[in-house]
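Me: I have a model open and want to walk through its packing with you. Can we go through it piece by piece?

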Amino acid sequence: MMISSAKNHAHIILTMVFLCISLSLLEPVMGWILILVVCAVVMRSALYLELHKHAPSVRTLNLLALLSAIVLAYFSFQLGVLLGMINLLVLACSLKLMQLRSMKDYYQLITCCGFLIGCGFIFQNSIGFSIFYLFLTLLLLLSLACNISPSLGFDTNLKRIAIMAGQALPITALLFIVLPKIGPLWQMPTAKSHQTGLAEQVTPGDIAQLSQSAELAFRVTFKGAIPVPQERYWRALVMEEFDGKTWRVSAERKAIQRQYKRFNKEFTPTLTGKFYSYEVIAEPTHQNWLYSIDVGVPEGPKSANQIWQSHEYQLTSHTPLVSNFQYTLRSYPETPLNQAIYSVDRRINLQLPDTGNPKTQIWVNNLRSQYPDDQEFIRQVLAYFAEQPFEYTLQPPLMQTDTVDTFLFAQQQGFCSHYASAMAYILRLAGIPTRLVTGYQGGEMREQNYMSVYQYDAHAWIEAWHSDLGWQRYDPTAVVAPDRVEYGLRSAIEEAAELIDSPFSLSRYSAIAWLNEFRLLLKDIDFVWTKWVLGFDKNSQKDLIKSLIGELTPKKLALFGLSVIGLIVLLLAFFFLPSLHRKKPDHITLYYQKSEKLLNKLKIYRAKSQGPLDFANSVKNKLPNSLHQPFSNVTHIYMCHHYQQNTNAQKSSNRTRIKQQWQALKKAINRQLKN
């Protein structure tokens, strides 16, 4: 059946929903496809407003589809399977929107939009986007309601959808809690463009750029004691390869790790001293590294099965972090880092570039000749950073060649990676095994409940080898800008001019009490959503059910499942049984209502304030005699049935006559639509 988009509320709602979905997929969907989406939306809006009368011809759409498919096929090898299929689906929906001529087209587009909403959760699953996609789902249902019952009016259909959503909410919550939590049936492919946060290589200045971002990196909930700010060094990556400018994760170290993983020989350090117990919820990075305070080890079988411990005391997950990743750790800060293979560590961490930075080499040789003891030499290097007019800045100058020479003796301005890189290079020149560690330092506490660590907390420090203590942490940044470690990055740069362009440019609003409380409230809501909704996995489900029914036995689980099913049945009965007991319209009224629906096909609707006779007179003024006469007869029979005394014979005759008149009206309208 052909349908028109002129003043069609169902079509315009569906069009706006599709536009919103496509814009929410701005990152995975290619730009030229989004342009095609906008063109389709503009065309459909013009048809709705009757600014244009005709949709593109089938031949034009087929040609456009062929050209679009060729272009998409060309780019599909770069996109990968998942992104290619999403782009294909958005492209197909935009073409279908242009071709929206029949009920079949409409229902296909409704189904595809629902699937695209599901795809949106692959890329965005925050509470804000979840509410947004829920709103779009309700709009899809509203479009369906307006399409199925256009005569009820927009307000009535909106009320119906709101009631249905309210009825579905408790059932959805029950199913979310009790349905088995299974792993994904497929693995989302990773792409370089999706990587966020730290990287496997660091050039001085990279972390300064990362520190301009206020995006969340991870959250931490401590169970008991909380480490002081000076202990909040969150290890992520260890860089051991240096070419004179850039630090990288050592290729030799990667090969060693692959060998250990192949033979399932995980590093298990001996732990001593006090410990901190905490739970981490890491944001998606599409990488495998995790965050921990030294020395971090998994706590509980769930985390132990998810995490791998390497010989450089680095934690990684077995799969990339494509969604929020929740794990539990214990950290033992008093455990010495001297339990790895020293010969391997020394060989990797004494490597130096062949050329470059001659001034630094001369300076180190002179200083080393004066201080042959390693500990004293390191103290002198730190004293140099403290005594010279070094400046801690988010906007260090460019250093193209001999970066360490330029930084140490000319510019003397830099971020944490400049200081760490320079000191690591100095110590290696002095024959002290040294490596650079990247991660995060600090975090924002929320009333002793949890800590939020952001990208602007990214930090770099070094570890130098001592023969009796093993690897020891040194942070030259703490010498130049002690407030960076004690109070965070904000305090370290609050007097700098670059604060205007940094993520702290809004920090001035923290002084306004209600704005700051509102900001913290939003963070609390997001934390609860991440922990209890996004983090609700099969282990959380098992713990919840166990708290409700006690020991998990097959009998108890069966009874629990039957109880949930019974509760859902009772809810459904509560919602729908009252409507089943409502008095159904009689035979005459039913055919009168069916006759009104037939007129809806001709875009003729009865107003709520309009009586049957007034409506019949208005139909008479709008339609020819062959159409309005059967409806007038139906109305006459309907009025006689309700407002006259009728014998049983007359009632039987009225039932037969109204059916005949309805059939005559139906045939006349069908002929009119075909013409």
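Reply: One term up front: buried means under 20% relative accessible area, exposed over 50%, and partly exposed in between (1.4 Å probe, protein chains only). This is a predicted model, where local features need pLDDT of at least 70, side-chain atom pairs count only at pLDDT 80 or more, and totals for chains, interfaces and linings use all residues. Residues are numbered from 1 along each chain as its sequence is written, and side-chain values use heavy atoms, with hydrogens and water left out.

Me: Are Trp 234 and Tyr 278 buried or exposed?

Reply: Trp 234 is buried, and Tyr 278 is buried too.

Me: How many aromatic pairs are in the whole structure?

Reply: The search finds 40 aromatic pairs. Rings of Phe, Tyr and Trp (its six-membered ring) pair if their centres lie within 6.5 Å; planes under 30 degrees apart are stacked, over 60 edge-to-face, and the rest tilted.

Me: Why is the pair of Trp 234 and Tyr 278 called edge-to-face?

Reply: Their ring planes stand at 85 degrees, with centres 5.7 Å apart, so the pair is edge-to-face. Trp 234 is in strand 3 (residues 233-239) and Tyr 278 in strand 6 (residues 276-282), so the pair ties together parts 44 residues apart in sequence. Helices (H or I, at least four residues) and strands (E, at least two) are DSSP runs, numbered from the N terminus.

Me: Which rings link into a cluster?

Reply: Trp 363, Tyr 384, Phe 385, Phe 390, Phe 407, Phe 409 and Tyr 419, linked by ring pairs.

Me: Now charges. Which rings does Arg 330 or Arg 435 lie over?

Reply: Arg 330 lies over the face of Phe 275, 4.1 Å from the ring centre. Arg 435 has its charged end over the ring of Trp 471, at 4.0 Å from the centre. The test: NZ of Lys or CZ of Arg within 6 Å of the ring centre and within 35 degrees of the ring normal.

Me: Switching to sheets. What is the order of the 5 strands in the open sheet?

Reply: The order is 7-3-14-17-18, with antiparallel pairing. Strand 7 (292-293) and strand 18 (470-474) are the edge strands, each pairing on one side only. Two strands pair if DSSP finds at least two bridges between them.

Me: How many bridges are there between strand 17 and strand 18?

Reply: Strand 17 (residues 458-466) pairs with strand 18 over 5 bridges, in the antiparallel sense. Trp 465 has Trp 471 of strand 18 as its bridge partner. Ile 462 has Tyr 474 of strand 18. A hairpin of 3 residues joins strand 17 to strand 18.

Me: And what does helix 15 touch on the sheet?

Reply: Helix 15 (residues 416-429) packs on the sheet and touches strand 14 (434-441), strand 17 and strand 18. Its direction makes about 15 degrees with that of strand 17. Contact means heavy atoms within 4.5 Å. Axes are lines fitted to C-alpha atoms, for helices over the stretch in contact, and angles run from 0 to 180 degrees between N-to-C directions.

Me: What about the 3 strands in the other open sheet?

Reply: Their order is 1-5-4, and the pairing is antiparallel. Strand 1 (201-202) and strand 4 (241-242) are the edges, each pairing on one side only. Strand 4 and strand 5 (residues 247-248) run antiparallel, joined by 2 bridges. Phe 242 stands opposite Trp 247 in strand 5.

Me: Cores next. Which residues touch the most other members of the largest one?

Reply: Phe 218 and Trp 234, in a core of 68 residues. Helix 15 gives this core its largest share, 9 residues. A second, separate core has 49 residues, including Val 37 and Tyr 133. A nonpolar core is a set of buried Ala, Val, Leu, Ile, Met, Phe, Trp, Tyr and Cys residues joined through side-chain atoms within 4.5 Å.

Me: Where is Ser 292, and why does Ser 292 count as buried?

Reply: Ser 292 is in strand 7. Its relative accessibility is 1%, so Ser 292 counts as buried. Setting aside residues up to four places away in sequence, Ser 292 touches Tyr 233, Trp 234, Arg 235, Tyr 278, Leu 315 and Leu 329.

Me: And where is Gln 167?

Reply: Gln 167 lies in helix 7 (residues 154-178). At 17% relative accessibility, Gln 167 counts as buried. Neighbours within four places aside, Gln 167 is in contact with Phe 575 and Phe 576.
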